[in-house]
Each structure stands twice: as structure tokens, then as C-alpha cells.
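Colleague: Could you show me the model before we talk it through?

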Amino acid sequence: MTTPPTTIAEKLHALREQIPSHVTLVAVSKTKPVEMLAEALGAGQCDLGENRVQELVTKAEHFETSEVRWHHIGHLQTNKVKQIVPYAHLIHAVDSMRLLEEIDKRSAVVGKVSDVLIQVHIAQEAQKHGFQTDELESAFNAIAKAPFQHVRVRGLMGMATFTDDASQVGREFRVLRQAFDRWNPNDWDTCSMGMSGDWTIAIDEGSTLVRIGSAIFGSR
Ligand SMILES: *Cc1c(COP(=O)(O)O)cnc(C)c1O
């Protein structure tokens, strides 16, 4: 009889066995202590996700290693961009042109090109952020016109409705993947969708990056 995975390393190992190799696993470590992050790093998990700027910066300074790829995954306030830019490997949730402009400006100051994803609102929940699908055309036109020197859009990100209805979740992820295929200027590589409760559905619908927290680190 095999026992279910219990440690962080075992959970990561079990997930990696199920996730196809073309899909990046980001371990979402928000609210968790650095000891738990160290365990994940020890198990070879270098992509870590955080949603609070101050927490990400504190943890990045704690580990002081370029081995970690820090993903900023939640809503980002314009006034926090300056702090996050030096540390972020990928900023997942760009939900306005103003935010994109600020990331460009702050990245120029530190001589960096920041990789970002455009967040698309796919859920039936008003509180989730992101561009509506019918706003994407004008957003990408504006981005094409602006030519940003210090941001590089790598793809799209979205969150499905928090529901047990798998077919609804699947439909929402399909909308995101279709938008990805439609607006991809050919150099995008990331369609970020899927969390602990819905990552298998997301991968079936074409996710290339899953953001998994509680299934690795336990509930928050
Ligand atoms: C917290 C969070 C996750 C991870 O959620 P889990 O359900 O714990 O896997 C993924 N994406 C975003 C944007 C989050 O804020």
C-alpha cells in the first residue's frame, strides 16, 4: 500500500509526476514561513509565487539567491511597482495600462526588462481583476503603439470562478486559452491558469503554467 504524500518534498514530487513537462509549476508560498520555502527549494522547486509585495521582498532578501524565480501573482498596486521590479521574475497580473506604464518606467530606472502577463477577467465574480476579453484588442493596440522598452508581455493569466462546477471552470479556462491563441504575436510562451482546486482542468484546456499553493504547503 502506498501512503499519500505528506511532506512538502513528497507533495512536490507527486505533483511533478502528474504535470506534463511543458507546464511550469509555480509553488505559491504566500503567508508561509521561510522554513517551508526552504524545504521546497531543497526539493528543487525554484519557481515561487507571492501575492504581497512586502512579503515577497522580505523573503527574497532572506534567501539572497538568484536561484529563486519570484513570481508576483496577485493584484499589484501601482505604488508598489517600484519595490517589486528588482525582484520579480514574472509579474502575473497586469490589469491596466497605467500599471504596465509604471512597470516600464520603474524597470528602466533599474536597467531591467520585466516580463509580465496580462490578466484577463474570465470568472463570473465581480471582485476578480483583469481586462475583459472585449477590451483586449484596444489594450494590445495601445501596447503595440507605446513600444515599451522595459516590459515584455509573455502571455496571459486568469482565474476561474471558485465553484465545484467543473464544466464552468473548463469553459472559463477555454476562453483564456482562446484569447491567448488569438492575440499571441508569436513570441508568447505563458498561459498562466490553474490553482490547487482546478489545475488538472486548466492543463486539459491548455495551461502552460499552474500556480499551486495549498496543495503543496497546506491550507492558509
Ligand atoms: C493564492 C493564489 C494561488 C494559489 O491558490 P491555491 O488554491 O492555494 O493553490 C494561485 N493564484 C493566485 C493569483 C493566488 O492569489
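**Around the ligand**

Modeller: The residues around the ligand, meaning those with a heavy atom within 4 Å of it, are Val28, Lys30, Ile73, Met157, Met159, Met195, Ser196, Arg211, Ile212, Gly213, Ser214 and Arg220. This is a predicted model, where local features need pLDDT of at least 70, side-chain atom pairs count only at pLDDT 80 or more, and totals for chains, interfaces and linings use all residues. Residues are numbered from 1 along each chain as its sequence is written, and side-chain values use heavy atoms, with hydrogens and water left out.

Colleague: Which side chain has an N or O atom 2.5 Å from an oxygen atom of the ligand?

Modeller: That is the side chain of Ser196, and the side chain of Arg220 has an N or O atom 2.7 Å from a ligand oxygen.

Colleague: How much of the ligand's accessible area does the protein cover?

Modeller: The protein covers 91% of the 390 Å² that the ligand has on its own, with areas from the Shrake-Rupley method and a 1.4 Å probe.

Colleague: New topic: is Cys191 buried or exposed?

Modeller: Cys191 is buried, at a relative accessible area of 0%, and Cys46 is also buried, at 15%, where buried means under 20%, exposed over 50% and partly exposed in between (1.4 Å probe, protein chains only).

Colleague: And how many disulfides are there?

Modeller: The count is zero, taking a disulfide as a pair of cysteine sulfur atoms within 2.5 Å.

Conventions. A polar contact is a pair of N or O atoms within 3.5 Å; within protein, one must be able to donate a hydrogen and the other to accept it, and residues adjacent in sequence count only if both atoms are side-chain atoms.
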